[in-house]
Amino acid sequence: MTHVVQTPPAVAAARERDRDHSGVLASLAVLFKLRVVMLLLFAALGGAMLGSGGAPSLGELALLAVTGTLSAAGASALNQYVERFKDAGMKRTRRRPLVTGQYNATVVFAVASGMIAVSLLLALLAGNPPLAVFLGLGAFIYVGIYTIWLKPRSVWNVVIGGAAGSAAVLSGGAAVGAWSDPGVIVLSLLLFTWSPIHFWALSLAYRADYARAGVPMLPVVTSPRWSIFWMVAHAIATGAFGLLLGLDGALGLLYLVPVIPSTAWLLIESARLIRDYTGPRAMSVFKVSNIYLSLVLLAVVFATLI
C-alpha cells in the first residue's frame with residue numbers, strides 16, 4: 001500500500017508566501033532593471049576610484065551608492081512606463097510588470113519620478129552640486145533624450161543615448177570631487193562607445209522584435225554592410241579607450257594584463273560578424289561586450305586599490 005504524505009497546511013501556506021515574495025522581488029528587479037543599475041553603479045565606482053586615486057571615503061561611496069541607485073532605478077522604471085505599449089508587442093519584453101498589469105502604471109510613474117528627485121536632493125544636501133548635475137543628466141538623457149525622443153525616431157538612438165552611461169562614470173568622479181580627472185573622462189568615453197556595440201548586438205539578435213515594434217535600431221533599418229561597419233568601428237573605439245586608460249598613473253601594467261586580451265577578444269568577436277551576420281553571433285558579441293566592460297571596471301578598481 002502506498003502512503004501519501006500530506007504537507008501540513010501551515011507549511012504549505014509558508015511555501016506559498018515564499019513563492020509570492022520571490023515573485024514580487026523578481027518583478028521589482030525587472031521593473032527597476034536592477035542588473036543595469038548594478039552595472040551603472042559599477043561604472044560609477046570606476047569613476048570614483050580613478051578620481052580619488054583609489055582612496056574614496058566611505059561617506060563618498062555611500063552617497064554615490066544611494067543616489068546612484070535611486071536615480072538609475074527610477075530612470076529605468078520611467079523607461080518601462082514610456083515603452084509599456086511597445087513592450088507588449090515584443091517577445092523579449094512582453095512579460096514586463098507594466099505590460100502584464102502587475103503594477104499600476106501611474107503609481108510607478110510617481111514613485112520613479114520621486115526616486116530621481118530624492119537622489120538629486122540628497123546630493124545637494126550633501127554639498128555636492130556636480131554629483132546632482134550628473135545624476136540628473138544621466139536620468140534625463142536616458143528617459144528624455146533616448147527613450148522619448150530618439151529611440152522611436154532615429155537610428156542613432158543608442159549612440160547619443162550612450163551618454164547616460166558616461167554620466168554614471170562622471171557621477172562617480174563627481175562624488176569624490178574629481179569628475180574632470182583625465183582617467184574619469186577616458187572611462188566615460190569608453191562607456192559612450194561601448195553602449196552602441198552592446199545594444200546593436202542585442203537588436204540584431206532580436207531584429208524581428210524591434211522591426212515589429214517599429215524601433216529604428218541600426219541592424220533593423222540599414223544594410224548588414226553598414227551595420228557591421230559601425231558595430232566594428234565602435235568596438236575598435238571602445239578597445240582603444242580601454243587601452244588608453246592604461247596610461248593613467250593609478251593603473252598601469254596591473255590594469256593592462258587582463259584588459260589587453262579582453263580587448264582582443266571583443267574585437268575578434270565583433271569582426272566575426274563580417275562572415276556570420278546572424279542572431280547567435282550577435283548574442284555572442286552582446287555577451288562578450290558585457291564581460292569586457294566588467295573586466296575593465298574590475299581592473300580599474302583593483303589596480304587603483306593596489
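1. I'd start at H198. Setting aside neighbours within four places in sequence, H198 is in contact with F286, S289 and N290. One of these contacts is polar: the side chains of H198 and S289 meet at 3.0 Å. Bear in mind while you look at this that the model is a predicted one.

2. Where does H198 sit? Its place is helix α9, which covers residues 182-205. Is H198 buried or exposed? Its relative accessible area is 6%, and the cut-off for buried is under 20%, so H198 counts as buried. So for this histidine you have a buried position together with a side-chain polar contact to S289.

3. Next, R281, which belongs to helix α14 (residues 279-305). The side chain of R281 makes a polar contact of 2.6 Å with the side chain of E269. If you leave out residues within four places in sequence, the contacts of R281 are E269, R272, L273 and D276. E269 therefore turns up in both lists, as a contact and as a polar partner, going by the limits of 4.5 Å for a contact and 3.5 Å for a polar contact.

4. You might ask whether to call R281 buried or exposed. The relative accessibility is 17%, and under 20% is what buried means here, so R281 goes down as buried.

5. M90 is a loop residue, found between α3 (58-87) and α4 (97-100). M90 is buried too, with a relative accessible area of 4%. Which residues does M90 touch, once neighbours within four places in sequence are set aside? They are D209, Y210 and A213. Take A213 as an example of what the fold does with sequence distance: M90 and A213 are 123 residues apart along the sequence, yet their C-alpha atoms are 6.7 Å apart in space.

6. G246 is another loop position, this time between α12 (224-244) and α13 (253-271). This glycine counts as buried at 11% relative accessibility. Not counting residues up to four places away in sequence, G246 touches G252, Y255 and L256. For a pair that is not brought together like M90 and A213, look at G246 and G165: they are 81 residues apart along the chain and their C-alpha atoms are separated by 20 Å.

7. Stepping back to the whole chain: the protein has 14 helices and 0 strands. Read from the N terminus, every element is therefore an α, running α-α-α-α-α-α-α-α-α-α-α-α-α-α. On long-range contacts, take the pairs between residues at least 6 apart in sequence: 74% of them join residues at least 24 apart.

8. What about overall size? A compact globule of 306 residues would have a radius of gyration near 19 Å, and the chain has 21 Å, so the two agree. The C-alpha trace spans about 70 × 50 × 50 Å along its principal axes.

9. Last, burial, surface and charge. Of the 306 residues, 48% count as buried. The chain exposes about 14,500 Å², and carbon and sulfur atoms supply 69% of that area. There are 21 positive and 11 negative side chains, with the centres of the two sets 11 Å apart.

Technical notes. Residues numbered from 1 in each chain as written. Predicted model: local features only at pLDDT ≥ 70, side-chain atom pairs only at ≥ 80, totals over all residues. Heavy atoms only, no water. Helix = DSSP H or I, 4+ residues; strand = E, 2+ residues; numbered from the N terminus. Rg over C-alpha atoms; globule rule 2.2 N^0.38 Å. Buried < 20%, exposed > 50% of the residue type's maximum accessible area, 1.4 Å probe, protein only. Areas by Shrake-Rupley, 256 points an atom, 1.4 Å probe, with all protein chains shown as cover. Lys, Arg positive; Asp, Glu negative; His and termini not counted. Charge placed at Lys NZ, Arg CZ, Asp CG, Glu CD. Polar contact = N/O pair within 3.5 Å; in protein donor to acceptor, adjacent residues only side chain to side chain.
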